Amino acid sequence: MSKLFLVPTPIGNLEDITFRAIDILKKVDAILAEDTRKTTILLNHYEIKIMLLSYHQFYEHKSIEKLIKRLKQGESMALVSDAGTPSISDPGFLIVKGCLDHQIPVECLPGPTAFIPALVNSGLPADRFCFEGFLPHKKGRTKRLKLLSGETRTMIFYESPQRLIRTLLQFSEYFGNTRNASISRELTKIYEETQRGTIGELIDFYNNKTVKGEIVIVIEGKKE
Ligand code: SAM
């Protein structure tokens, strides 16, 4: 049956996968993976023996067309990323758009993603929030930060541990030192931790520390 599934995979703890995700991964004709070596670990754990294709090799427009052709001919495929939900700060958007343009059904399963547990753990308002993913590294960064300085919803950012302090210092510059914030590190893994405090307090906590692992930063919105 022609169909593209987007299947969320664990962000650390291999147990965080749904029964339906495993079922779909066992039934599709092929699995498209961002990194086939990483996905092989997951597939071996759940004894899934479906053909694995590298999604990167299909990333260019022309190659997406080849995938669309196979899907149109009746194949079903599942796209997975290294961790979490495809398309969320990960490849996925282009193939979803390609499928929809060709009337190929697309279905994203609900499942793991790093920003939801980080938001809920933060204790900051979760009724209205905006997901910003990774800030641009250079071009457009200042413009984005200026725009966000007026944002009243809780903001969520992905960041690498090496850039954490630099980013917190910029947040302090654009949002002020006293805004409440939270940093979730290594969610679902052995050394999972969430630090909460004002931006200033978090700068003091992380300054001169070697930070390792994966990080989500959550920042309180501007008071209305
Ligand atoms: N598709 C993924 C998702 O649904 O969350 C995001 C992939 S993005 C390339 C990787 C970033 O997600 C990391 O740099 C980090 O900011 C965040 N992330 C992923 N896993 C995490 C974890 N276990 N703990 C904290 N942050 C995590």
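Helices α6 and α7 are oblique to each other, because their axes cross at roughly 50 degrees, outside the ranges for roughly parallel (under 35), roughly antiparallel (over 145) and roughly perpendicular (65 to 115). α7 and α8 are roughly antiparallel. This is a predicted model, in which local features need pLDDT of at least 70 and side-chain atom pairs pLDDT 80 or more, while totals for chains, interfaces and linings use all residues. Residues are numbered from 1 along each chain, and side-chain values use heavy atoms, without hydrogens and water.

| Helix pair | Angle | Axes | Crossing |
|---|---|---|---|
| α6 (141–148), α7 (164–175) | roughly 50 degrees | within 9 Å | right-handed |
| α7, α8 (199–206) | about 160 degrees | 10 Å apart | left-handed |

Angles run from 0 to 180 degrees between N-to-C directions of lines fitted to C-alpha atoms. A crossing is left-handed if the near helix is turned anticlockwise from the far one by less than a right angle, and right-handed if clockwise.

The largest pocket (an open set of 1 Å grid points where a 1.4 Å probe fits, with protein on both sides within 12 Å along at least five of seven lines) has a volume of about 800 Å³. Of its 34 lining residues (an atom within 4 Å of a point), I11, D82, A83, G84 and E214 are the closest to its centre. Two or more lining residues come from each of α2 (36–45), β7 (154–159), β8 (180–185) and β10 (215–219), and α2 gives the most, with 4. Domain 1 (3–108) and domain 2 (115–219) each supply at least three lining residues.

Notes: Grid points are joined across faces, edges and corners, and a volume is the space filled by probe spheres set on the points. Domain bounds come from an automatic or database domain assignment.
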